[in-house]
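Student: I've just opened this one up and I don't know my way around yet. Can we go through what things are called, and why?

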Amino acid sequence: MLKQADVDAKSNNHWVNVLTNWKDYGIDLQTNYKKVVEGLTAESLQKFMQQINASGDQMECIMMTEPKDK
């Protein structure tokens with residue numbers, strides 16, 4: 001995620017997404033991003049998922065691999 005952040009920061013699409021989230025929701029996806037990623041642990045992710053599941057809402061998570069070169 002850290003390596004991809006540097007690649008994404010060179011993309012206009014990335015900055016459009018950052019600015020749109022800031023304007024529409026007041027969420028800053030850019031500042032301290034790397035610190036947040038570096039601070040992620042298995043335990044913090046587990047706690048986050050437990051909080052989401054405790055809400056009783058239904059969710060679906062699909063994890064896909066990168067397509068292989070043909």
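Student: Which residues lie nearest the centre of the largest pocket?

Tutor: This is a predicted model, to start with. In it, A5, H14, L29, Q30 and Y33 lie nearest the centre of the largest pocket, and the whole lining has 17 residues. The volume is about 280 Å³.

Student: Which elements give two or more residues to that lining?

Tutor: Those are α1 (2–8), α2 (12–25) and α3 (33–38). The largest share comes from α1, with four residues.

Student: What makes up the lining by class?

Tutor: There are seven nonpolar, six polar and four charged residues.

Student: Okay, on to the surface. Which residues make the nonpolar patch?

Tutor: M1, Y33, V36, L40 and L45 make it, and the patch covers about 480 Å². Y33 also turned up among the residues nearest the pocket centre. As for L45, you'll find that residue in helix α4 (residues 42–54).

Student: Why is L45 called partly exposed?

Tutor: Its relative accessibility is 44%. Buried would need under 20% and exposed over 50%, so L45 counts as partly exposed.

Student: What about N32, where is that residue?

Tutor: In the loop between α2 and α3. N32 has a positive phi of about 65 degrees, although it is not a glycine.

Student: What makes a positive phi worth pointing out?

Tutor: Most residues other than glycine have a negative phi.

Student: And how do you know whether N32 is buried or exposed?

Tutor: Neither word fits: the relative accessible area of N32 is 46%. That value lies between the 20% and 50% cut-offs, so N32 is partly exposed.

Terms used. Residues are numbered from 1 along each chain as its sequence is written. This is a predicted model: local features need pLDDT of at least 70, side-chain atom pairs count only at pLDDT 80 or more; totals for chains, interfaces and linings use all residues. Side-chain values use heavy atoms; hydrogens and water are left out. On a 1 Å grid over the protein atoms alone, a cavity is a set of points where a 1.4 Å probe fits but cannot get out, and a pocket is an open set with protein on both sides within 12 Å along at least five of seven lines; lining residues have an atom within 4 Å of a point. Grid points are joined across faces, edges and corners, and a volume is the space filled by probe spheres set on the points. Ala, Val, Leu, Ile, Met, Phe, Trp, Tyr, Cys and Pro count as nonpolar, Asp, Glu, Lys and Arg as charged, and the others, Gly among them, as polar. Patches are made of residues with over 30% relative accessible area and no salt bridge: like charges are joined within 9 Å, nonpolar side chains (Val, Leu, Ile, Met, Phe, Trp, Tyr) within 5 Å. Accessible areas come from the Shrake-Rupley method with a 1.4 Å probe; for residues, only the protein chains shown count as cover. A salt bridge is a side-chain nitrogen of Lys or Arg within 4 Å of a carboxyl oxygen of Asp or Glu. Buried means under 20% relative accessible area, exposed over 50%, partly exposed in between (1.4 Å probe, protein chains only).
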